[in-house]
Amino acid sequence: GSADGVLLNWGVAEPKWSAGKIGGALEFTTNDNAVVTAPASVGAKWSVSFWVKMHARTSLNPRVIGPQDGRELWAYIDVENSGGGAYLSHNQRTFEPAALPLESWEHYVFTYDTDADIGTIYHDGVAVKSGSFHDNPTTQAWVFGHNVDLGNHNDSLNGLIDDLRVYDRLLAPSEIFTLAGVPVAVADSYSISEDTPLTVPASSG
């Protein structure tokens, strides 16, 4: 299946699309920029894959993606602790200890297994941190690059997101390595296009 999302609060003079890791990437330059997609389905196993380039550390926990109910933080950058990719579940923070470099394309996959209550962060194909994760996305919209509370402009991303994909299953290590090394669109994805605000193929892969 597929669903559309909406790009919010880009002014006429604001850059929206920039050269990405794979074609064009979406540029988040002001703290009110956000993308909102159709609601997620409910499931027990998920994977999120994306390329990110951070321009500046202008917020403590810049967001990448999360369900709009905001119960858990699914994927963000832990600037607050000088870390990299991170998630928060039941008030327990799991984060990559190495800081994310600025102005560098970095690839992440986050896997979430709520049957086993564990999440794992992969950076450039390598597992860097695992921890507890308990949340299943409810029938809430996804929000990219911004706090899930659209009126709260804290923790907005200052940078680029490219080739963001959401899978309703756990990716195998070989798939994660392929996405990080040779990122070719072969599965369910959130793909961004200039002709329509956002196109979200979200069928099972």
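The exercises below concern a sheet and a helix in a predicted model.

**Exercise 1.** Determine the strand order of the open sheet and identify its edge strands.

Solution. The open sheet is built from 7 strands with antiparallel pairing. Their order is β2-β5-β14-β7-β8-β9-β10. An edge strand pairs on one side only, which holds for β2 (6-8) and β10 (92-95). From one strand to the next, the twist averages 20°.

**Exercise 2.** Trace the pairing inward from β2, and then examine the pairing of β10.

Solution. Start at β2, which is joined to β5 (residues 34-39) by 3 bridges. Here Val6 has Val36 of β5 as its bridge partner. Continue from β5 to β14 (residues 141-144), a pairing that is antiparallel and has 3 bridges. Val36 stands opposite Val143 in β14. Turn now to β10, which pairs with β9 (residues 85-89) in the antiparallel sense over 4 bridges. Leu88 has Arg93 in β10 as its bridge partner.

**Exercise 3.** Work out which residues of helix α1 are buried, why they lie on the same side, and what covers them.

Solution. Take buried to mean under 20% relative accessible area, and exposed over 50%. In α1 (residues 173-181), the buried residues are Ile176, Leu179 and Ala180. They lie on the same side of α1 because they cover an arc of only 95° around the axis. An α-helix has 3.6 residues a turn, so residues three or four places apart point the same way. Ser174, Phe177 and Gly181 are exposed on the face of α1 turned away from the buried side. The cover over the buried residues includes β6 (45-54), β11 (106-113), β12 (118-123) and β15 (159-167).

Methods
Residues numbered from 1 in each chain as written. Predicted model: local features only at pLDDT ≥ 70, side-chain atom pairs only at ≥ 80, totals over all residues. Heavy atoms only, no water. Pairing = 2+ DSSP bridges. Helix = DSSP H or I, 4+ residues; strand = E, 2+ residues; numbered from the N terminus. Axes fitted to C-alpha atoms, helices over the stretch in contact; angles between N-to-C directions. Buried < 20%, exposed > 50% of the residue type's maximum accessible area, 1.4 Å probe, protein only. Arc of directions from axis to C-beta. Contact = heavy atoms within 4.5 Å.
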